[in-house]
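I opened a fresh page of my notebook for this one. Come along as I go through what I looked up.

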Amino acid sequence: VRLLLNTQEREELEKGEAVPSSQELESDQELEPDLEPKLLLLKRQRLKKLKRCWLCWECSPPSFLSCTSQLHPSGLSYFSNSWNILQSPGLETRSLKFFAGGVCRSNVQLPGKVVVITGANTGIGKETAKELARRGARVYIACRDVLKGESAASEIRADTKNSQVLVRKLDLSDTKSIRAFAEGFLAEEKQLHILINNAGVMMCPYSKTADGFETHLGVNHLGHFLLTHLLLERLKESTPARVVNLSSVVHHAGKIHFHDLQSEKHYSRGLAYCHSKLANVLFTRELARKLQGTGVTTYAVHPGIVSSELVRHSFLLCLLWRLFSPFIKSPWEGAQTSLHCALAEGLEPLSGKYFSDCKKAWVSPKSRDNKTAERLWNVSCELLGIQWE
């Protein structure tokens with residue numbers, strides 16, 4: 001059923017006049033975003049009287065199995081037309097408004113502040129970078145694909161009128177690239193106020209990084225662990241400063257298998273992601289403990305179920321994300337909790353905590369285990385060949 005009618009067409013429909021053709025409906029007419037739910041019942045009643053197919057407006061008698069319209073060539077199109085209903089602006093806005101979660105309410109401006117965001121060339125990271133640039137910050141987009149990063153930076157600069165949006169190459173699956181990025185950044189900038197460890201991979205087939213780490217562990221945890229270590233002194237020199245680590249609610253299903261940290265004995269794409277997200281929460285917890293009194297605070301974030309490129313390695317998740325898109329957060333909505341933890345005033349006492357929908361959230365018992373957090377910290381230092389007191 002096509003609900004997208006302008007005012008004139010509604011009046012014609014209520015008077016029982018001819019229903020507009022599919023070609024007319026496809027024209028570039030002004031569509032009203034707020035659609036009344038009762039219109040659906042009204043259209044069905046009128047279409048029965050007009051003997052028009054209630055799926056495509058064209059065929060008569062109403063039967064989607066015998067419809068020959070190009071818009072509705074077979075019974076299977078029933079589902080695609082139903083999908084079009086879900087994607088109509090009015091219904092989608094209502095759904096997303098209900099499932100969108102919290103919104104960052106902070107009015108803090110960032111002139112003169114320096115921000116580094118990993119993976120900010122797309123999705124949540126891009127929206128986060130855009131908002132921080134809009135507030136006047138000097139934003140570094142640290143990403144593997146420099147061309148996509150430059151494209152995102154150009155868009156952000158045009159949208160925010162902030163020319164201080166820079167792109168630097170960073171491949172979290174290669175410690176040499178991480179060290180090269182950090183060396184270049186430290187030579188370029190004397191301050192760093194906000195570090196957002198946003199980049200990540202999900203549901204990848206089994207593979208290893210350039211340094212021999214399982215990909216989820218290497219990119220999602222160890223890569224950001226090393227990056228934070230290399231930039232920490234600059235953060236301490238720029239206090240108050242913050243580190244935001246993107247985790248996920250699926251950390252509840254994660255477990256740190258110290259006897260098989262690289263998943264060489266058993267590998268599950270889904271569980272490997274869960275384990276790495278638990279590692280993010282544990283890292284945040286232990287980092288906060290070690291940074292007490294330094295002026296640097298840290299937070300773990302669950303952005304929500306967000307429409308992004310993160311699910312690209314899973315056909316099933318891509319299908320589910322597409323099917324339930326009205327109930328899935330947009331990248332802008334997914335960025336709100338990251339922004340809240342980066343900007344909101346008065347969060348210092350909550351350093352090390354886990355946030356969802358812009359408020360402190362419950363974490364799994366495994367992520368509250370200080371002994372596991374400390375052991376993971378020490379093992380991570382050993383794997384990376386660093387000393388971090």
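**Entry 1: crossovers**

Which handedness does the β-α-β unit made by E2, helix H7 and E3 have? I looked it up, and the unit of E2, H7 (residues 146-160) and E3 is right-handed. This is a predicted model, so I keep in mind that local features were taken up at a pLDDT of at least 70.

I then looked at the other unit that E2 belongs to. E1, helix H6 (residues 123-134) and E2 also make a β-α-β unit, and that one is right-handed.

**Entry 2: strand pairing around E2**

Next I wanted to know how E2 pairs. Strands of a sheet pair through backbone hydrogen bonds, in a parallel or an antiparallel way. With E1 (residues 114-118), E2 pairs in the parallel sense, over 5 bridges. One spot I marked here is Thr 118, which stands opposite Ala 142 of E2.

Towards E3 (residues 165-169) I found 5 bridges from E2, and these two strands run parallel. I noted some of the partners along them:

- Tyr 140 has Leu 166 in E3 as its bridge partner.
- Ala 142 is matched in E3 by Arg 168.
- Cys 143 has its bridge partner in E3 at Lys 169.

So Ala 142 turned up in my notes twice, opposite Thr 118 and as the partner of Arg 168.

Is E2 enclosed or open to the outside? Of its 6 residues (138-143), 5 are buried, so the rest of the structure largely encloses this strand.

**Entry 3: the whole sheet**

I stepped back to see the sheet these strands sit in. It is an open sheet of 8 strands with mixed pairing, and I wrote its order down as E3-E2-E1-E4-E5-E6-E7-E8. Which strands stand at its edges? They are E3 and E8 (359-360), and each has a single partner strand, so one side of each has no neighbour in the sheet.

**Entry 4: cavities**

Rolling a probe the size of a water molecule over the atoms shows where empty space is left. How many cavities of 30 Å³ or more does a search of the whole structure find? My note says 3. The largest cavity has a volume of about 120 Å³. There are 13 residues in its lining, and the closest to its centre are Leu 217, Leu 261, Ser 263, His 275 and Ser 276.

I also asked which parts of the chain supply this lining. Helices H9 (215-236) and H10 (269-290) each give at least two residues to it. H10 has the largest share, with 3 residues. By class, I listed 5 nonpolar, 5 polar and 3 charged residues in the lining.

**Entry 5: a look at Thr 215**

Since H9 had come up, I looked at Thr 215, which is placed in that helix. Thr 215 is buried, with a relative accessible area of 11%. I also checked its distance to Ser 276: the two are 61 residues apart in sequence, and their C-alpha atoms are 9.6 Å apart in space.

**Entry 6: cysteines**

How many disulfides does the structure hold? I found 0. Why is there no bond at Cys 104? The closest cysteine sulfur to that of Cys 104 is in Cys 358, and at 6.1 Å it is too far for a bond; a disulfide needs the two sulfur atoms within 2.5 Å.

I checked burial for three cysteines here. Cys 104 is buried at a relative accessible area of 11%. Cys 381 is buried too, at 7%. For Cys 358 I noted 13%, which also counts as buried.

**Entry 7: backbone oddities**

Cys 358 led me to the loop between E7 and E8, where it is placed. Its phi is near 65°, a positive value in a residue other than glycine. Asp 357 lies in the loop between E7 (354-356) and E8 as well. Asp 357 is not a glycine, yet its phi is positive, at about 55°. Is Asp 357 buried or partly exposed? With a relative accessible area of 26%, Asp 357 is partly exposed.

My last look-up was a peptide bond. The one from Thr 239 to Pro 240 is cis, with omega near 0°. Pro 240 is found in the loop between H9 and strand E5 (241-246).

Terms used. Residues are numbered from 1 along each chain as its sequence is written. This is a predicted model: local features need pLDDT of at least 70, side-chain atom pairs count only at pLDDT 80 or more; totals for chains, interfaces and linings use all residues. Side-chain values use heavy atoms; hydrogens and water are left out. On a 1 Å grid over the protein atoms alone, a cavity is a set of points where a 1.4 Å probe fits but cannot get out, and a pocket is an open set with protein on both sides within 12 Å along at least five of seven lines; lining residues have an atom within 4 Å of a point. Grid points are joined across faces, edges and corners, and a volume is the space filled by probe spheres set on the points. Helices (H or I, at least four residues) and strands (E, at least two) are DSSP runs, numbered from the N terminus. Ala, Val, Leu, Ile, Met, Phe, Trp, Tyr, Cys and Pro count as nonpolar, Asp, Glu, Lys and Arg as charged, and the others, Gly among them, as polar. Buried means under 20% relative accessible area, exposed over 50%, partly exposed in between (1.4 Å probe, protein chains only). Two strands pair if DSSP finds at least two bridges between them. A crossover is right-handed if, with the strands pointing away from the viewer, the path from the first strand over the helix to the second runs clockwise.
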